[in-house]
Every structure is written in C-alpha cells, then in structure tokens.
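The exercises below ask you to work through an interface and the empty spaces of a protein model. Try each task before reading the solution that follows it.

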Amino acid sequence: MLTRTLARLSWVDLILRVFQIIAAIVIVIGIVNVFRSNTYTSNQWATLVFAGLAQGSIYALIALGYTLVYGILLMINFAHGEVYMAGAFSTVFLAGYFSNTGFLQSSPILAIIIMIIFAAAVSTAIALLLERIAYRPLRNAPRLIPLITAIGASFTLQYTFRGLYGAEFKSYPQVPALSGTVNVIGFDVPLVQLVVFFAAVGLMIALYLYVERTKSGKAMRAVSEDKDVARLMGIDIDRVIVTTFALGGALAGAAGVFNGLFRPQGVFFFMGFFPGIKAFTAAVLGGIGNIPGAMIGGLMLGLIESLGPNSIVEGLGIPSANQLKDAIAFSVLVLILIYRPQGIFGERLAEKKA
Amino acid sequence: MKRVLIVIAVGFLLAVLPFIVSGYWLGLITQAVILGGFAMGLDLLVGFARMPSIGHSTFFGLSGYGVALAVTRFDVAIWPAVGIGLLLSLIAALLFGPLAVRMRGLAFLTITLAFGQLTWGLTTRWSSFTNGENGIPGISRPSFLWDIETVVGYFYFTLLIAIAISIFIIIFAESPVGISLLGVRNSDTRMSALGYNIHSRRTIAFVVAAAVGAMYGILNVFYNKFIGPGSLSWQLSAQMLLSVVVGGPVSLWGPFLAGSGIVILKTMLIGTTQRWPMVLGLLYVVSVVFLPGGIASLLPKVRARFEKMFRGRVTE
C-alpha cells in the first residue's frame, strides 16, 4: 500500500508539498514577528481592515462580471478591465461638471446616484458592443480564438479612450459630504470607505436576488447549466448572453465610480489593467463561475492586499513592503491555481464541461 | 529536411537585403527577424502542444536582464554574461515549467500570466538592483568574427543565429519528440495510455520555447544596447501569442511571418498615427474573425487555385 502510494507520487508533487509547507512556515513566521514587535496599534490595523474591505468590494463588483460571463459562456472576458475603465474614465467629466456647478456639494446623494447610472450605462454599452463584435461571431470557434479577440479589443479600447480623452491622469473631485470619519465600534473609519463598502454590498445583494428570484435570472442559471437543453426549453440564448454582459458591464461601471470616490487620483486609459487582473484573481479565488464565490473572493483579496504587506512581508524583514501589493495578488493567484484550482467554493477552471 | 533547405534559401535571399535597403530599414528588419523568430519558437508551445502561454516574454526579458546585470553590476566579460543570461532564463523555465504544465487551457494561460506579472513586478519594483522602470542602458555588443557594431554587421549576425535557431526548431518539430507533442495535443489520454509521460512532454515544449525566447532576448538586448521592463511585459507576451494565432499555429513559418510583419506594420503605423495599438487591436480582431486558421491556412487555398488554373490549361 505504502509503496504503491510512493510510486504514484512524482517528484513534482513532492516538491510542491515541500514548497507548500515552507510557504506556510514563512507566513506564520512573518505574522508572529509583526505581532511580537507591536509595530502597529489596533487602530492602525482597523484602518487597514476597513480600507481592505472597501477596495475588496470594488474588486468583487468587477469579479462578478468575469464570473457571470464564465458561468454562461465558459470564456474569460479579458477585456472586462477595459469595460471598467470606460465607465470610470467617462464619468470623470460628469463628476467634474457636477462639482463645478455645485450640484455635488448641494445634493451629494443624488449626484452620486446619477454618476453611478451614467457610468453603468457607458460600461454596459461597451460590454454589449464587445459581445456583438468580438465574441458573438466566434461563439463556436476554438476557445483560444475569442481570447485573442479579447486582447485585441482590449488594446483597441484603451487607445480609443486615450484618443477620446487624452493620455494624462485625471482625478475625481473631492466630495465634501463624504470626507469625514465615522466611529464604528470604537475606531475612526473614513465615511467614504463605509459608503463604498455598503453600496457595493447592496448591489451584490441586488444581483444575487436578480439571479435567484426573477424569471430572467432563472433563464441565466438554466443556460449556464446546459445551453442546448435550455434552448430546447424555449430560452432565447442570445438574449440571456446579452443580459449577462449587460449586468457585468453595469457592475463594472458602478465599481468605476466607487473607485473614483475611494481613490480620486489615477484615472487614465490604462487604469483597467491591474484591477481587471486582480478581479480575475478574486473570481478564481472564490471559484470562477460561482456568484457568491466572486463576492467573497473579492473581499478576501482586498483584505489580503491591505493586510498582507504589513502583517507578513514586513515581518520577514523585507523593506518597503507596501510596494509589493501587486506581487502579493499575483502570488495568491499562482498559489490558488497550483493548490486549489477550483477556488474556495467553486468549479475547476477550464476543466468544466466542454 | 525540405523545410531546412527552405530556411537556408530564405536566409540567402535575406542576405542580399543590405545591398538593397537603407540602414533604417535594415535595423527594422533585424528587429523583425528577432521577434518573428521568437514567435516561431513559441509556436512549439502554443501550436504543437496547444498550450497558450501569455507569459513567455518573461524568458525573453530575463535573459536580457541577466546579460545587462552581469555586465553592469558584476563586471563580467560579455560572452560569459551571455551564458549567465541564458542560464537565468533556463532556470526560470525549469522552475515554472513543471508547475505550469499541470494546468490546461485557460488555467495554463492564467498561471503563465501570473508568473509573467510576478517577474515584471519584481523587476520594476526592485529599482536599486534593476534600475526599475528606467531600465539599464549602455550595454556594448560583444566582439565576433566580423564587426557587429555596424547595422549591416549586426544584421548578418542576427540572420546567422536566427537561421541556426530555425533549423534547430524544425529538426525538433520533425523529431519523435515534436511529433509526440502533436499527439499530446490531439488526445492526451490516448498518449498517456500509450505510455508517454504527458507532463514531461509538455515541460519539454515549455522549456524549448523558453530557450528560443531567451536566445532572441539576448539578440534583442544587443540590438537595442538597452533593456527595460518592456521586454518582460504582458503586452509583448500578448503580441507574441497573437502572432502565433494570426500566423497559423503549427506551420512555423506563419508565426514567423506574422511576428515580423507586426513589427514592421507597427513602425509604419507609429509614423502615421499616434493610436497604432488601436489599429493593431482591430487588425487582430478582424483577422481572427475572418481568417480563423491564420495566414498559413491561405497557402493550401492558393495552391489549390494555382493547380486548378494549371489543370484548366492542360485540358484546353
């Protein structure tokens, strides 16, 4: 019995196992070191946690777009980051206009809601265009092909927006109504972070109810279960796919505005790439194709990114830990793909069906 | 064997170019040969083994960084530095490869993307060592049998090495290993039932493609006399993957043509419009939508048409 198990174990498995143990030890050492040295007060930790939750809820909203499309078409829409950029970038001008006319100061809630609707509309339009031009003609092609068009479309969108709005950085105006702090269980938390977090969670709940409770949500679930049978039952597949892209686009657009409120700077034509990849990481982390998975995955990634540099990397004595945020997200992606490709809740990437 | 002869013939044809075109175009063609050759190597992985990698610029850039860092930081002589650069890429490929080939399809794509971004991130962030976004300038070319400081001399140098690598790629593709890769692509369960070790076959394809990329990466660093994080970037990997698909996987010559064609097209577009990536992106979408088999799929059609014409005349 033992010899047979040993014979089946390849050296790569062995190395992976050893590597896993080493990684776990390193993480524990890092955390223990930081907590023993007491570098940060509990107030600072709370700040990091809330910032992480706000950032994570933005990732979660974008990740839902990846997961929805994957669930229906078994395809990764690599241009989704650009859909997010389109909404965020276009709304900068509306926000600037609202700020100049004083509308943003006098009735902030209404102004922000209009901004979110505008961003969602722009992103949805881009997502639908993408579906119609780049993906629909290739629905029966080998799976590598729509990916190529996604990359091509991503280049095209980036430089179209650069052509439309210019290459320089823009920033969202400060919203005075959101600039204060609120006391939550004894910690001072910036109001923006709370608003972003709860608004995002609200949107996620709305999406969940839509998919679970409405008729068109039921059609979506049916198509993701089995496209051919769903068609036999009289479901219009094209319409479901269009709805899916529209929902993903709308959520990405809303995420763009939230990002603008939370982090006003850094709006430019290339802004979609990193959030796109990170949201994809979040979707894989939660189990791609799984809607609650994307939500939890996004929040977890936000927390890991926010807490990781200070709690693990710094404890290992690596300087300027905060600059390694991006590296942490990609390391997480590599580790999940190696050790748990099905994610926390979900389905194995690329081995499902087809 | 036939294809080796074609490579040598094309090499001789290209060797005439310095007498025809200006120095500017010759430099551009040198660059085109470098990226075309890189795409041809990647075809072994993407076409033959059907493993879409979007992180192979890692090996292209790492070998360049290896040379540049060895020369500028450690004062190594140039030829040993070339060895260090190749070794660095090869070690990275041997570390990444066995891990990555356990994934399939989109998961493989994702993990290569993650690896590529990790290396890119470390290179740009570790600025005290790699000089970050600014890159490392001032790398001099090595001495060779002839003077390769001139544009013409470097063109012949690149051509010689590209011919050698291409012949190696063709021999590899026609060897039993190359053919078994096609088998793995078509049905891995059947191949493993026949007793082939699937993971090791895929690792071989991964490492060979990486080694080819590393060699062209060194040609690239000496051509530019500079290395920056652009050589490790996601965009370059995507461009290479697109070259393979647009050129026509498995044909080897298609990816070479597409890879080098994109370089020339890009330079021509930069001259006329600021938004060349937009045009390039549209071109990818259009070419994939209308020509799913790639450029190489045109050849049989053209040949059939010629044969038809010829037959038509004979019967007249």
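**Exercise 1: the interface**

In this predicted model, the contact draws on 45 residues of chain A and 38 residues of chain B.

Task: Establish how much area is buried between chain A and chain B, and which residues of chain A lose the most area to chain B.

Solution. Begin with the total, since the size of an interface is often given as the accessible area lost when the parts come together. Between chain A and chain B this area is about 3,700 Å², and carbon and sulfur atoms give 82% of it. On the side of chain A, the residues that lose the most area to chain B are A:Ile148, A:Phe155 and A:Tyr159, which together make up 16% of what that side buries.

**Exercise 2: polar links and the makeup of one side**

Task: Count the salt bridges between the two chains, and then describe the side of chain A that touches chain B by element and by class.

Solution. Take the charged pairs to start with: the count of salt bridges between chain A and chain B is 0. Polar contact, counted where both residues are at pLDDT 80 or more, is found for 1 residue pair between chain A and chain B. Next, assign the touching residues of chain A to elements: α2 (11–37), α7 (144–165), α12 (273–286) and α14 (325–339) of chain A each supply at least two residues, and α7(A) gives the most, with 15 residues. Finally, sort this side by class, which yields 31 nonpolar, 9 polar and 5 charged residues.

**Exercise 3: a pocket and a cavity**

Task: Characterise the second largest pocket by volume and lining, and then do likewise for the largest cavity.

Solution. The second largest pocket has a volume of about 1,000 Å³. Its lining comprises 35 residues, of which B:Gly230, B:Ser231, B:Ser233, B:Gln235 and B:Leu236 are the closest to its centre; by class, the lining divides into 21 nonpolar, 12 polar and 2 charged residues.

Turning to enclosed space, a search of the whole structure finds 6 cavities of 30 Å³ or more, and the largest cavity holds about 70 Å³. Residues from both chains line the largest cavity, among them A:Tyr66, A:Glu82, A:Ser154 and B:Trp234. The elements that give two or more residues to this lining are α4 (80–101) and α12 of chain A, with α12(A) giving the most, 3 residues. By class, the lining of the largest cavity has 5 nonpolar, 4 polar and 1 charged residues.

Terms used. Residues are numbered from 1 along each chain as its sequence is written. Chains are lettered from A and ligands numbered from 1 in the order in which they are written. This is a predicted model: local features need pLDDT of at least 70, side-chain atom pairs count only at pLDDT 80 or more; totals for chains, interfaces and linings use all residues. Side-chain values use heavy atoms; hydrogens and water are left out. Contact means heavy atoms within 4.5 Å. Buried area is the accessible area (1.4 Å probe) that two parts lose on being put together, summed over both. A salt bridge is a side-chain nitrogen of Lys or Arg within 4 Å of a carboxyl oxygen of Asp or Glu. A polar contact is a pair of N or O atoms within 3.5 Å; within protein, one must be able to donate a hydrogen and the other to accept it, and residues adjacent in sequence count only if both atoms are side-chain atoms. Helices (H or I, at least four residues) and strands (E, at least two) are DSSP runs, numbered from the N terminus. Ala, Val, Leu, Ile, Met, Phe, Trp, Tyr, Cys and Pro count as nonpolar, Asp, Glu, Lys and Arg as charged, and the others, Gly among them, as polar. On a 1 Å grid over the protein atoms alone, a cavity is a set of points where a 1.4 Å probe fits but cannot get out, and a pocket is an open set with protein on both sides within 12 Å along at least five of seven lines; lining residues have an atom within 4 Å of a point. Grid points are joined across faces, edges and corners, and a volume is the space filled by probe spheres set on the points.
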